[in-house]
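Here is a friendly round of questions on strand pairing and helix packing. Have a look at the structure, then follow along.

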Amino acid sequence: MDWQEVAIYTTTAGIGPVVAVLEDNGIEGYVLEDAADFEEFLKDTEIYWDYVDEELKRQKRAQETCIKIYLPGDEQGAEQYRALTRALENLKACDTGHAWGRLCTETTLTRQEDWEWGWKQYFKPFPVGSTFLIKPSWEAVDDAQGRRILEIDPASSFGTGSHDTTKLCIAALEQYVRPGCRLLDMGTGSGILAIAAAMLGADVQTVVDIDENCLKTARENAEKNRVQIGRGLCGDALRDSRLAAEIGAGYQIIVANIVADVIIGMAPMFYDKLITGGILICSGILNERAQEVHAALAEAGFTILSHAASEDWSAFSAKK
């Protein structure tokens, strides 16, 4: 499949609002090129400016914060792009102080092999939580320093483990997973959370995603790590009652790294699908939406066990 690369031009201050728009439109994976980081790099290397080539000097003059996403080069991708441009227009109308930059887009058609190389060159092994070392299949690790190696190739699915929301979820899984506990992964993406849970000893019975390609990728990644992740179900359980019923109940842990609005909408469903004493781990929540999610979970009957946060993102662990 070909992909459409969409570059969204903004400012450092506009990163949060633009990412929120992406999340609201179901777009979770992105590449960030922050002008502030580039300026810091130039400042740190100022002593060597005599050796900086003209291309880098040109980039310094033209650098602008850019968030890149990749949409399928088909009608579904075209509809996503139309919805995104409408949302960005609304965002720009709200930016009365002009703090978030141009908020315009540029598109480029990208071949599958070029898209894959684009993220492969940046994906290197790194530690997550207290027990895992995450790496892509093409990277070798000489010394894992006692950590479990989790090999992940996201392909076109969300989830390399580098995103704060994934890290927060893995840390919670390390805390709550017990050998043999029955687990449901809602919004599995690359399968990374289901695989981490299985490596910790969970019985991952069901993984769900709205994208069939994600289920295929998740199963391939599970095979690489020699774990089982149970059945894969495709669809939107919030809008498809038959799918919601097919997911079943009796889970001891549900992990859902999705977005705030979906978690809020699914909170009663999550509660019903857990056994008494079961644990919900959820993330994909921007910090400014955390109180809304907290309130929705409490209203559904959950007891909040913890609220973990990074600079921009929140995760909750809650008990039925």
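Q: How many bridges join β5 to β6?
A: This is a predicted model, where local features need pLDDT of at least 70, side-chain atom pairs count only at pLDDT 80 or more, and totals for chains, interfaces and linings use all residues. Residues are numbered from 1 along each chain as its sequence is written, and side-chain values use heavy atoms, with hydrogens and water left out. Strands (E, at least two residues) and helices (H or I, at least four) are DSSP runs numbered from the N terminus, and two strands pair if DSSP finds at least two bridges between them. β5 and β6 (residues 132-135) run antiparallel, and the bridges joining them number three.

Q: Which residue in β6 is the bridge partner of F126?
A: The antiparallel strands here are β5 and β6. Across from F126, the bridge partner in β6 is I134.

Q: Which strands stand at the edges of the sheet?
A: The open sheet has three strands with mixed pairing, in the order β5-β6-β7. A single partner strand is available to each edge strand, so one side of each lacks a neighbour in the sheet; these are β5 (126-128) and β7 (148-151).

Q: At roughly what angle do the axes of α1 and α4 cross?
A: Axes are lines fitted to C-alpha atoms, for helices over the stretch in contact (heavy atoms within 4.5 Å), and angles run from 0 to 180 degrees between N-to-C directions. The axes of α1 (residues 15-24) and α4 (residues 75-94) come within 10 Å and cross at roughly 145 degrees.
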